[in-house]
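Thanks for coming. I will go through one model this morning, starting with the overall fold and then moving to local features.

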Amino acid sequence: MIFLIEIDFNIDYKDKQLFSRRCSLRINNRSIKTPLLWLGHPIGFEPRPWEHFPMDTLMVNAYDILMKPKIYNKVCETGIHKFLNFDGLVMMDSGGFVFQKKEELDVEPSKIIELYEKAGPDIGVVLDHPLSIQKSMSDNRKRWKKTLQNTDFMIKNNGDIALMPVLHGYTLNELKKACKEVRKINDNPKIIGLGSLVPLLFNMKVSKKLKFKNCRNFVIDATRLVREEFPNSLLHTFGVGSTKTMHLMFSLGVDSLDSTGWRLKAAYGNIQLPGVSDRNPTPRNNGRASLSDGEKIILDECECPTCMGKSLEQKIKSLDGPFPPRALHNAYVYNQELENYVKSLEQGKSKEFAEGRLKPGFFSKSFDYLVNIKYI
Ligand SMILES: [Zn+2]
């Protein structure tokens, strides 16, 4: 098989305290250092954060393009970078998850490959069928079988797109088997994804049929397993790049994450701040806390495009108003948190930093579990 894509992925530095690492990725003529965070952008919607502050990576979804013929034609004509007016790296997700959720139609992998070839994203995700926490083991096994068939088809019919195979498994044995099956199709993938973790990490209602002892510990074990199975590949875990979970996942040795949380939280009226959970800008009766005096001091320092040049009162007013300025603020904080993590990694202090971000809090025990694995 001839691969026309040029991808280089090298590990530059491995953290001694936990599993974090710093790597270099080069795809065609674009170079970048990991860890990476890809903010998810729904095509056709505002705001477009890269038009307001520098961004290196962006994730879009094939679903948004395939469902809108006008956009499809335009993207195919100009290419995705030009269409978005974005110079950084673009990852295109296959839309498998959305198609599955909406039960609209069963998209063919050939359609996705065709779109990738024409749109030219830097990374194209294999059409996968994420597992469901509501379904039985055997239903989920069928989903994985379909994902594996798509992986085989897409890698064999790929032209010059860097394709990311995605692993799924709700037991460690199944995940190990999945790694082996993907390796049979591509023995040394430069990029590998891991999916189906979102509901487990965020404590959603999991069917008893799946027999998880501790969902969040499973996420940690599963990620470690895949990290060890593919030590030299860029590892991307899907959907778990919140301002809190990013520190947990990077500490596990994950190189790359994505999130649409910057928009979702803004849609609920919530803002993000470094090291602080979701907050309402002003008191509201929705079960979420509003800003404390200490958090107002943190907000006062924010220099995002929404907050810049404003007094604290003006900032709060803008963030309490329409969706776009609040989403933009959140996007900026997500990127800032990535930068803060990278800085701590470069200083050899990522363990202390991640601990400070995760403890106390919802992921406190998960962090302890991870530290325990490292020091066994
Ligand atoms: Zn701000």
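A residue is called buried under 20% relative accessible area, exposed over 50%, and partly exposed in between, with a 1.4 Å probe and protein chains only. By that rule, buried residues make up 56% of the 376 residues in the protein. The areas themselves come from the Shrake-Rupley method with a 1.4 Å probe, and for residues only the protein chains shown count as cover.

Before going on, the conditions. This is a predicted model, in which local features need pLDDT of at least 70 and side-chain atom pairs count only at pLDDT 80 or more, while totals for chains, interfaces and linings use all residues. Residues are numbered from 1 along each chain as its sequence is written, and side-chain values use heavy atoms, with hydrogens and water left out.

Overall dimensions next. The C-alpha trace spans about 60 × 55 × 40 Å along its principal axes. The radius of gyration is 20 Å, which agrees with the value near 21 Å for a compact globule of 376 residues. That radius is taken over C-alpha atoms, and the globule rule is 2.2 Å times the number of residues to the power 0.38.

On secondary structure, the protein has 16 helices and 14 strands. Both are DSSP runs numbered from the N terminus: helices are H or I with at least four residues, strands are E with at least two. One strand to look at is β13, residues 271-273, where Ile271 is placed. Ile271 counts as buried because its relative accessibility is 1%. Its C-alpha atom is separated by 36 Å from that of Asn232, and the two residues are 39 apart along the chain.

Now the charges. How many salt bridges does a search of the whole structure find? The search finds 21. The criterion is a side-chain nitrogen of Lys or Arg within 4 Å of a carboxyl oxygen of Asp or Glu.

Helix α6, residues 137-156, holds a pair formed by Asp139 and Lys142; these are three residues apart and so separated by about one helical turn. Their closest N and O atoms are 3.9 Å apart. Asp139 is partly exposed at 29% relative accessibility, and Lys142 is exposed at 57%.

Asp152 and Lys156 also lie in helix α6, four residues apart, about one turn of the helix. In this salt bridge the closest N and O atoms are 3.0 Å apart. Asp152 has a relative accessible area of 26% and is therefore partly exposed; Lys156, at 53%, counts as exposed.

Another bridge joins Lys176 and Glu229, with 3.6 Å between the closest N and O atoms. This pair links distant parts of the chain, 53 residues apart: Lys176 is in helix α7 (residues 172-185) and Glu229 in helix α9 (residues 215-229). Lys176 is partly exposed at 45% relative accessibility, and Glu229 is partly exposed at 21%.

There is also a network of salt bridges that links Glu6, Asp8 and Arg26.

Which residues gather in a patch of negative charge on the surface? They are Asp300, Glu301, Glu303 and Glu313. Patches are made of residues with over 30% relative accessible area and no salt bridge; like charges are joined within 9 Å, and nonpolar side chains (Val, Leu, Ile, Met, Phe, Trp, Tyr) within 5 Å. Asp and Glu count as negative, Lys and Arg as positive, and His and the chain ends are not counted. The place of a charge is NZ of Lys, CZ of Arg, CG of Asp or CD of Glu. Glu313 belongs to helix α13, residues 312-319, and is exposed at 59% relative accessibility.

Last, the backbone. Most residues other than glycine have a negative phi, and most peptide bonds are trans. In this model the bond from Glu46 to Pro47 is cis, with omega near -5°. Pro47 sits in the loop between β4 (36-40) and β5 (57-61). The bond from Lys359 to Pro360 is cis too, with omega near -10°, and Pro360 is in the loop between α15 (350-358) and α16 (364-375).

As for positive phi, Asn85 has a value near 60°. Asn85 is in the loop between α3 (80-84) and β6 (89-93), and is exposed, with a relative accessible area of 56%. Ser196 has a positive phi of about 70°. Ser196 lies in the loop between β10 (191-194) and α8 (198-201). Is Ser196 buried or exposed? Ser196 is buried, with a relative accessible area of 10%.
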